[in-house]
Amino acid sequence: MLRGAALRVTRPRVAVLSAVHAHPHADTESIISAVRGDVPNVSHQAVYDSLRALTEAGLVRRIQPAGSVARYEARVGDNHHHIVCRSCGTIADADCATGEAPCMTASDDAGFSIDEAEVTYWGLCPDCTTAHRSSSANLA
């Protein structure tokens, strides 16, 4: 994948790419921890540099829901969206509801050439919904 994106193959890049594949929607600190399992002496800067290079090459996607730190995922190129739990911050992928990319057509594009749309759904994940219902029932 790295060579196909015209990137030099380095141990930190391979480890970062593997970590992002293994831990979708992980933040930088989680990726650093995972990478250190393979490359114990890797620096923070090497991980940050690898994430930037992989993102710029289109091998990794950086997302940052409102109020959250940046997260990284390996699912790129399909314009999928995300569902974020308001309580615990869990993030899940959400495919477009219909067609290839229905939200790519804006009602007024203001002359822009649109190549990506970002939709974030907010709510409570199943675990937090259950906990919320339980605490509401205990108050009654």
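H25 is a buried residue, with a relative accessible area of 9%. Keep in mind as you look that this is a predicted model. Any residue under 20% relative accessible area counts as buried, so H25, at 9%, falls in that class. You will find H25 in the loop between α1 (11-22) and β1 (26-27). Its backbone deserves a look too: H25 has a positive phi of about 70 degrees, although it is not a glycine.

Which residue does the side chain of H25 meet in a polar contact? The partner is the side chain of D93, at 2.8 Å. Beyond its neighbours within four places in sequence, H25 also touches residues from several parts of the chain: its contacts are I63, R71, Y72, E73, H82, I91, A92 and D93. Several of these names will return below, as we turn to the strands.

**A first sheet**

Just after H25 in the sequence comes β1 (26-27). This strand belongs to an open sheet of 3 strands, in the order β1-β3-β2, with antiparallel pairing. At the edges of the sheet are β1 and β2 (61-63), each of which pairs on one side only. Between β1 and β3 (residues 71-73) there are 2 bridges, and these two strands run antiparallel. To find one of the bridges, start at A26 and look across to its partner in β3, Y72. Y72 is also among the contacts of H25.

**A second sheet**

Another open sheet has 3 strands in the order β5-β4-β6, and here the pairing is mixed. Its edge strands are β5 and β6, each pairing on one side only. On average, neighbouring strands in this sheet are turned by 25 degrees against each other, ignoring direction.

What makes the pairing mixed? Strand β4 (81-85) pairs with β5 (residues 91-94) in the antiparallel sense over 4 bridges, while β4 pairs with β6 (residues 120-123) in the parallel sense, also over 4 bridges. Is β4 enclosed or open to the surroundings? Of its 5 residues, 4 are buried, so β4 is largely enclosed by the rest of the structure.

The table lists some of the residues that face each other across this sheet.

| Residue in β4 | Partner and its strand |
|---|---|
| H81 | A94 in β5 |
| V84 | I91 in β5 |
| I83 | Y121 in β6 |
| V84 | W122 in β6 |

V84 appears twice in the table: it stands opposite I91 in β5 and has W122 as its bridge partner in β6. When you view the strands from the side, it helps to know that side chains in a regular strand alternate between the two faces of the sheet.

The strands β4 and β5 form a hairpin with 5 residues between them, where G89 takes a positive phi near 85 degrees. A110 also has a positive phi, of about 50 degrees, although it is not a glycine. A110 sits in the loop between β5 and β6. Is A110 buried or exposed? A110 is exposed, with a relative accessible area of 55%, whereas H25 is buried.

**Two helices in contact**

Now move to the helices. α1 packs against α3 (residues 44-56) at an angle of about 70 degrees, and their axes are 9 Å apart. That angle makes α1 roughly perpendicular to α3. On the α1 side, the contact is made by P12, R13, V16, L17 and V20, and on the α3 side by A46, V47, S50, L51, A53 and L54. How do the residues of this contact divide by type? There are 9 nonpolar residues, 1 polar and 1 charged.

To finish, return to where we began. H25 lies in the loop that follows α1, and its side chain makes the polar contact with D93.

Notes. Residues are numbered from 1 along each chain as its sequence is written. This is a predicted model: local features need pLDDT of at least 70, side-chain atom pairs count only at pLDDT 80 or more; totals for chains, interfaces and linings use all residues. Side-chain values use heavy atoms; hydrogens and water are left out. Buried means under 20% relative accessible area, exposed over 50%, partly exposed in between (1.4 Å probe, protein chains only). A polar contact is a pair of N or O atoms within 3.5 Å; within protein, one must be able to donate a hydrogen and the other to accept it, and residues adjacent in sequence count only if both atoms are side-chain atoms. Contact means heavy atoms within 4.5 Å. Two strands pair if DSSP finds at least two bridges between them. Axes are lines fitted to C-alpha atoms, for helices over the stretch in contact, and angles run from 0 to 180 degrees between N-to-C directions. Angles under 35 degrees count as roughly parallel, over 145 as roughly antiparallel, 65 to 115 as roughly perpendicular and the rest as oblique. Ala, Val, Leu, Ile, Met, Phe, Trp, Tyr, Cys and Pro count as nonpolar, Asp, Glu, Lys and Arg as charged, and the others, Gly among them, as polar.
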